[in-house]
Amino acid sequence: MKYLIVANWKMNLGIKESAALAEEIRDNLPDKNEAEVVLCPSFVALTVVADVIRGTEIALGAQDVFWEDRGAYTGEVSSRTLKEIGCKYVIVGHSERRGYLKESDEVVHKKVKQVINEGLTPIICIGESFNERQEGQKDYIVMTQVTRALSGIDIVGDHKVAIAYEPVWVIGSGQAVEPEEAENTHRVIRQTLIDIYPTATVNNNFKIIYGGSVDSYNVVDFLKQDTVQGVLVGSASLKAKEFINIICHTT
Ligand code: PGA
């Protein structure tokens, strides 16, 4: 199993900064690593980053997508265009979009469907808020989000899907959850997937990864967990050295 290590640069970098960071990561990638490394710059930096990583093993990902193939949708970007640029992955339903842009489970579902039909891999973000956690709703929330994102979508053949469990309240806080807690939630997610798809499909076509204040120190303990198959990294992916150190822990 190859760990999936995703850098989510959010809206932090301009075009030149994105190219420079991608170059630094490309040039310092450990020779032997057990990871599928994905860089997710903003839409406008995708083409320059695609140029920087062309011919390497680093994959390109977008941070969002629209759910229709083409048409009068001002300001939106289609999965077809993302594929043309060279994206292999698309983050869908990040909590910042669910929060600031009011993306519902229904919108997330439509985007996931579009991305899979395009032959790209969605990285579906799910996770509970602090209040939901305090109210004992965590498992219910993640089960509901997974089910609503995927129900009715066939996952067959070489379709790939990543589920990123990101407790909303720890994102960007510098304080991750205990790796054992992530592991417990990952088990709930895995069971939810098994309720929808055959076990073999869950084993072969899905990866469950953790996100939320992952850094080069705590990543080791996350990757030690049985069901943590990678990490989604925000803040710590903005410094090449730190991100490279995270990748080094997969070897
Ligand atoms: P963080 O962000 O690593 O800064 O917590 C993770 C994410 O939002 O994907």
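Two strands are said to pair if DSSP finds at least two bridges between them, and that idea will guide the first half of this tour through a predicted model.

Begin by selecting strand β5, residues 121-126, together with strand β6, residues 161-165, which pair in the parallel sense over four bridges. To see one of these links, pick I126 in β5 and then Y165, its bridge partner in β6.

Next, add strand β4, residues 87-92, which runs parallel to β5 and is joined to β5 by four bridges. Here you can highlight V90 and then P122, its bridge partner in β5.

Now show the side chains of β5 alone. In a regular strand the side chains alternate between the two faces of the sheet. On β5, T121, I123 and C125 point one way, while P122, I124 and I126 point the other way. Are these residues buried or exposed? Those pointing either way are buried, and β5 is accordingly described as mostly covered, with six of its six residues buried.

Then move to the ligand and select the residues around it, among them N8, K10, H94, E166, G172 and S213. By class, this shell has three nonpolar, seven polar and two charged residues.

Which side chains should you look at for polar atoms beside the ligand's oxygen atoms? In H94, a side-chain N or O atom is 2.7 Å from an oxygen atom of the ligand, and in E166 a polar side-chain atom lies 2.8 Å from a ligand oxygen atom. For G172, turn on the backbone instead, where an N or O atom lies 2.6 Å from an oxygen atom of the ligand. Finally, display the ligand's surface: taken alone the ligand exposes 280 Å², and the protein buries 99% of that.

Key:
Residues are numbered from 1 along each chain as its sequence is written. This is a predicted model: local features need pLDDT of at least 70, side-chain atom pairs count only at pLDDT 80 or more; totals for chains, interfaces and linings use all residues. Side-chain values use heavy atoms; hydrogens and water are left out. A residue is near a molecule or strand if one of its heavy atoms lies within 4 Å of it. A polar contact is a pair of N or O atoms within 3.5 Å; within protein, one must be able to donate a hydrogen and the other to accept it, and residues adjacent in sequence count only if both atoms are side-chain atoms. Accessible areas come from the Shrake-Rupley method with a 1.4 Å probe; for residues, only the protein chains shown count as cover. Ala, Val, Leu, Ile, Met, Phe, Trp, Tyr, Cys and Pro count as nonpolar, Asp, Glu, Lys and Arg as charged, and the others, Gly among them, as polar. Buried means under 20% relative accessible area, exposed over 50%, partly exposed in between (1.4 Å probe, protein chains only). Helices (H or I, at least four residues) and strands (E, at least two) are DSSP runs, numbered from the N terminus.
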